[in-house]
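Work through the two exercises below with the model open. Each solution goes step by step.

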Amino acid sequence: MTLTDPTQALAELLAGNRRFVTGAPRHPNQDAAHRAAVADGQHPFAVIVGCSDSRLAAEIIFDRGLGDLFVVRTAGHTVGSEVLGSVEYAVSVLGTPLVVVLGHDSCGAVQAARQAARTGATPPGHLGAVVDAVTPSVRRAASQGVDDVDGIVDIHIARTVEALLDNSAVLAGEVAAGRCAVVGLSYRLAAGEARTVAAVPADVPDRAGDDQVAVVAR
């Protein structure tokens, strides 16, 4: 499948999630013939900047297959130069029309950052870098009177959408030109459902037929 319109790409992604939620997945593009067809090139219709949580496997929860999704995962979907470079490669070289920030409820990275903010103690080793990257979202949540983990997760997703656009002139340019959109989705581990919490442009979820409530990041 080659999709070049952000709205159509989001609609396709959400349709796959609905199939997953209802227990009727199609498992598209996972057969031997498609494997051979994409061996010489890829045209993913969405970039997924997701949390590394083992329960957040993008191809499964969105019912997609080989060559459909360009997936970049870090704990707490934190964004560094390698993540930005990966996203820029997908949108500028591969022509991918949609970037999705995928977070989830009960996120361990958010819980660790909230605990560190309360105690002032940063975890040892490189885990501290993850906590440091999430801490500004915890502070923003506190300024808005939000203290529960899942509420902070939604704010962190929206802030990650902002960070991608603020730190990548390439991505911001693609969005400004109408060739790409950036959407933040929050996944419910038990229900399997992904809902929209942020979007740039703001009307992309509506045009994609997403009936979830959207909290626009900017």
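**Exercise 1: Place Cys51**

Cys51 lies in strand S1, residues 46-51. Strands are DSSP runs of E with at least two residues, numbered from the N terminus. This is a predicted model: local features need pLDDT of at least 70, side-chain atom pairs count only at pLDDT 80 or more, and totals for chains, interfaces and linings use all residues. Residues are numbered from 1 along each chain as its sequence is written, and side-chain values use heavy atoms, without hydrogens and water.

Task: decide whether Cys51 is buried or exposed.

Solution. Step 1: take the relative accessible area of Cys51, 6%. Step 2: apply the cut-offs, buried under 20% and exposed over 50%, partly exposed in between (1.4 Å probe, protein chains only). Step 3: Cys51 is buried.

**Exercise 2: Link Cys51 to His104**

Task: find which recorded feature lists both Cys51 and His104.

Solution. Step 1: His104 sits in strand S3, residues 98-104, and is buried at 1%. Step 2: beyond four places in sequence, Cys51 contacts (heavy atoms within 4.5 Å) residues including His104 and Cys107. Step 3: an unreviewed UniProt entry lists Cys51, Asp53, His104 and Cys107 under "binding site". They span 57 residues in sequence, but no two of their C-alpha atoms are more than 8.7 Å apart, so they gather at one spot. UniProt positions follow the numbering used here, feature names are shortened, and annotations may be inferred rather than shown by experiment.

How values were computed: Helices (H or I, at least four residues) and strands (E, at least two) are DSSP runs, numbered from the N terminus.
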